[in-house]
Amino acid sequence: MSHKTSRYAKRDFPVDEIRRFLEPGPIVLVSSAWQGRANIMTMGWHMVAESSPSLIACYIWDEDYTRRIVERTKECVVNIPTVELLDTAIKIGNSTGEEIDKFEAFGLTPARATKVKAPLIAECFASFECRLFDRTLARKRSLFIWKVVKAHVARSPKYPKTFHYRGDGIFMISGRNVSRRRLFKPEML
């Protein structure tokens, strides 16, 4: 069976704006803690770097308050919010934990982690406790590689509605799921 695939007429596009097409992952909230004070950072620049061990790579700008915390503690929690927290995630990203307690200011609940000191965010669908695995590119490229040491995921819904930043203040909300499982080789699932 032949399927006709669309062809697209393309235009020149500014290379410094291509991120809006390449940021496929959901916005996450990175929680951290230092000297009894918890913080939250909104993040869109992350990716799975390896599955075994489970590694997450993420960009943390050298001017971020979170950066100073995670460089000291070498741990954090990557929390995945659902669409209900979209406006809250924007507000978190527009503020600094140096000036406010983001948990209190935005009505979020810190929950105890089991392997790290940074808190989970109870209102997030999933929370991944992480320890710093590799910081080789941190100084030069602000890229940190984290090892997930414990994962907490809600039982329901099976496919939560997450939000993904497209740049220019626009978000994509995850949509319907389509199974193509039958096309995969079992070892590629």
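Visitor: How far apart are the mean positions of the positive and negative charges of the chain?
Guide: They sit 9 Å apart, for 32 positive and 21 negative charges. Lys and Arg count as positive and Asp and Glu as negative, while His and the chain ends are not counted. Each charge is placed at NZ of Lys, CZ of Arg, CG of Asp or CD of Glu. Keep in mind that this is a predicted model: local features need pLDDT of at least 70, side-chain atom pairs count only at pLDDT 80 or more, and totals for chains, interfaces and linings use all residues. Residues are numbered from 1 along each chain as its sequence is written, and side-chain values use heavy atoms, with hydrogens and water left out.

Visitor: How do you know whether the radius of gyration agrees with a compact globule?
Guide: The globule rule is 2.2 Å times the number of residues to the power 0.38, and the radius itself is taken over C-alpha atoms. For 189 residues that puts a compact globule near 16 Å; the chain has 18 Å, so the two agree. The C-alpha trace spans about 60 × 40 × 35 Å along its principal axes.

Visitor: What makes up the secondary structure?
Guide: The chain has 5 helices and 11 strands. These are DSSP runs numbered from the N terminus: helices are H or I with at least four residues, strands are E with at least two.

Visitor: Why is threonine 88 called buried or exposed?
Guide: Buried means under 20% relative accessible area, exposed over 50%, and partly exposed in between (1.4 Å probe, protein chains only). Threonine 88 has 17%, so it's buried. This residue lies in helix H3, residues 86-93. Leaving out residues up to four places away in sequence, Thr88 touches Phe106 and Leu108, where contact means heavy atoms within 4.5 Å. Over the whole chain, buried residues make up 37% of the 189.

Visitor: And what covers the buried residues of H2?
Guide: Strands E1 (28-34), E2 (37-43), E5 (75-80) and E9 (143-153), plus helix H5 (138-141), are among the cover. The buried residues of H2 (65-73) are Tyr65, Thr66, Arg67, Ile69, Val70 and Thr73.

Visitor: What makes lysine 74, just after H2, stand out in phi?
Guide: Its phi is near 60°, a positive value in a residue other than glycine. Most residues other than glycine have a negative phi, and most peptide bonds are trans. Lysine 74 belongs to the loop between H2 and E5, and its 40% relative accessibility makes it partly exposed. Serine 142 also has a positive phi of about 60° without being a glycine. That serine sits in the loop between H5 and E9, and at 8% it counts as buried.

Visitor: Is the peptide bond from serine 52 to proline 53 cis or trans?
Guide: Cis, with omega near 5°. Proline 53 is in the loop between E3 (46-51) and E4 (54-59). The bond from serine 156 to proline 157 is cis too, with omega near 0°, and proline 157 is in the loop between E9 and E10 (163-167).

Visitor: What makes phenylalanine 163 and phenylalanine 171 an edge-to-face pair?
Guide: Rings of Phe, Tyr and Trp (its six-membered ring) pair if their centres lie within 6.5 Å; planes under 30 degrees apart count as stacked, over 60 as edge-to-face and the rest as tilted. These two rings are 6.0 Å apart centre to centre with 70° between the planes, and edge-to-face is the result. The structure holds 4 aromatic pairs, and Phe163, Tyr165 and Phe171 form one cluster. Phe163 is buried at 1%, whereas Phe171 is partly exposed at 23%.

Visitor: How do you know whether leucine 189 is buried or exposed?
Guide: Its relative accessible area is 58%, so leucine 189 is exposed. This leucine lies in the segment after strand E11 (170-173) and touches Arg181 and Phe184, not counting residues up to four places away in sequence. Lysine 4, in the segment before helix H1 (19-22), is exposed as well, at 76%.
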